[in-house]
Amino acid sequence: HYGNPSSIYRIGREAHVAIDEAREKVAKALNAKPREIFFTGCGTESDNAAIIGGALARKRRGKKIITTQVEHPAVLEPVKRLEAMGFEIEYIGVDKKCRLDMGRLEQALTEDTVLISVMSVNNETGTVMPIEQIAQIKDRFNEEHGCDILLHTDAVQALGKIPVAVKGVDMISVSGHKIHGPKGTGALYIRKGLSIPAFMVGGGQERNMRSGTENTAGI
């Protein structure tokens with residue numbers, strides 16, 4: 001399918017259909033809707049888009065971000081960039097088995113918090129993080145304090161190995177090559193109704209969120 005998926009000629013439409021079919025497969029794997037899936041160039045891009053976009057979308061509400069000390073650099077580096085822009089970052093620790101200090105995470109929540117980012121599975125130890133429990137804590141805090149804290153998870157190491165639940169999670173990053181797809185492909189789940197800034201601007205592909213001619217073969 002060599003045609004440009006954004007064009008209207010026949011081979012372009014064929015490429016567009018192929019991308020739509022792939023989007024449906026990714027959505028099914030995440031128990032999401034196809035319109036909530038945006039294709040990217042890699043898991044790192046998905047992390048950057050979610051963290052920077054999510055923080056900027058909520059910057060008028062607050063400037064605090066909560067993450068962990070054991071995140072992948074694809075999360076820690078954009079968080080450092082946000083810190084340089086004036087955001088406050090709180091890093092939650094883990095024990096010797098890489099289990100997250102949930103009490104500390106809950107204590108870290110304030111009305112100034114705008115984003116939590118915790119990986120689903122640690123890429124060094126294989127420890128599964130309690131994302132569903134974090135989502136419940138986040139939702140309860142939002143309800144009690146009238147906040148709108150977002151929850152992002154880097155699920156690159158989880159997809160295809162354990163169920164990835166979207167309930168209570170606002171953004172999920174995944175990568176193609178971790179499930180034997182080609183390198184240079186990724187996707188970002190963005191919950192329906194959530195508005196974050198476009199992470200690449202130009203021709204308006206990926207419903208204006210990620211401009212640039214799609215990598216049809218990789219997708």
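Two strands are taken as paired if DSSP finds at least two bridges between them. On this basis, seven strands of the predicted model form an open sheet in the order 1-7-6-5-4-2-3, with mixed pairing. The edges of the sheet are strand 1 (37-40) and strand 3 (88-92), each of which pairs on one side only, and the twist from one strand to the next averages 20°.

Both senses of pairing can be followed at the level of individual strands. Strand 1 and strand 7 pair in the antiparallel sense over four bridges, and within this pair Phe-38 stands opposite Leu-188 in strand 7. The pairing of strand 2 with strand 4, by contrast, is parallel and runs over three bridges, with Ile-65 opposite Leu-115 in strand 4. Strand 4 (residues 113-117) is also joined to strand 5 (residues 150-154) in the parallel sense, again over three bridges; here Ile-116 has Leu-151 of strand 5 as its bridge partner, and Ser-117 stands opposite His-152 in the same strand, strand 5.

Strand 4 is largely enclosed by the rest of the structure, because five of its five residues are buried. Two helices lie across this strand. Helix 3 (residues 73-84) lies across strand 2, strand 3, strand 4 and strand 5, and runs at about 145° to strand 3, whereas helix 5 (residues 131-145) lies across strand 4 and strand 5, running at about 170° to strand 5.

In a regular strand the side chains alternate between the two faces of the sheet. In strand 1, Ile-37 and Phe-39 point one way while Phe-38 and Thr-40 point the other way, and all of these residues are buried.

Nonpolar side chains in soluble globular proteins tend to be buried together. The largest nonpolar core of the model holds 39 residues, of which Leu-30, Ile-37, Leu-100, Ile-116, Val-118, Ile-134 and Ile-172 touch the most other members. Two or more residues are given to this core by each of helix 1, strand 1, helix 4 (102-108), helix 5, strand 6 (171-175) and strand 7 (186-190), and helix 5 gives the most, with five residues. A second, separate core comprises 21 residues, including Phe-38, Ile-51, Leu-115 and Leu-150. The surroundings of one highly connected member of the largest core, Ile-172, can be described through its contacts: leaving aside neighbours within four places in sequence, Ile-172 is in contact with Leu-30, His-152, Thr-153, Ala-155, Val-164, Ala-165, Val-166, Ala-187, Leu-188 and Tyr-189.

Burial also extends to charged residues. Lys-64, which lies in strand 2 (residues 64-68), counts as buried because its relative accessibility is 5%, below the 20% limit applied to buried residues. A polar atom of the Lys-64 side chain lies 2.6 Å from the backbone oxygen of Ala-108. When residues up to four places away in sequence are not counted, Lys-64 touches Glu-88, Glu-90, Ala-108, Thr-110, Asp-112, Thr-113, Val-114 and Leu-115. Arg-23, found in helix 1, likewise counts as buried, at 8% relative accessibility. With residues up to four places away in sequence again not counted, Arg-23 touches Pro-34, Ile-37, Phe-38, Phe-39, Glu-206 and Arg-207.

The segment before helix 1 (10-29) contains Pro-5, which is buried with a relative accessible area of 4%. The C-alpha atoms of Pro-5 and Ile-19 are separated by 8.0 Å, although the two residues are 14 residues apart along the chain. The contacts of Pro-5, not counting residues up to four places away in sequence, are with Gly-12, Ala-15, His-16, Ile-19, Thr-213, Glu-214 and Thr-216.

With a disulfide taken as a pair of cysteine sulfur atoms within 2.5 Å, the count of disulfides comes to zero. Cys-42 counts as partly exposed, at 28% relative accessibility, whereas Cys-147 is buried, with a relative accessible area of 18%.

Technical notes. Residues are numbered from 1 along each chain as its sequence is written. This is a predicted model: local features need pLDDT of at least 70, side-chain atom pairs count only at pLDDT 80 or more; totals for chains, interfaces and linings use all residues. Side-chain values use heavy atoms; hydrogens and water are left out. Buried means under 20% relative accessible area, exposed over 50%, partly exposed in between (1.4 Å probe, protein chains only). A polar contact is a pair of N or O atoms within 3.5 Å; within protein, one must be able to donate a hydrogen and the other to accept it, and residues adjacent in sequence count only if both atoms are side-chain atoms. Contact means heavy atoms within 4.5 Å. Axes are lines fitted to C-alpha atoms, for helices over the stretch in contact, and angles run from 0 to 180 degrees between N-to-C directions. A nonpolar core is a set of buried Ala, Val, Leu, Ile, Met, Phe, Trp, Tyr and Cys residues joined through side-chain atoms within 4.5 Å.
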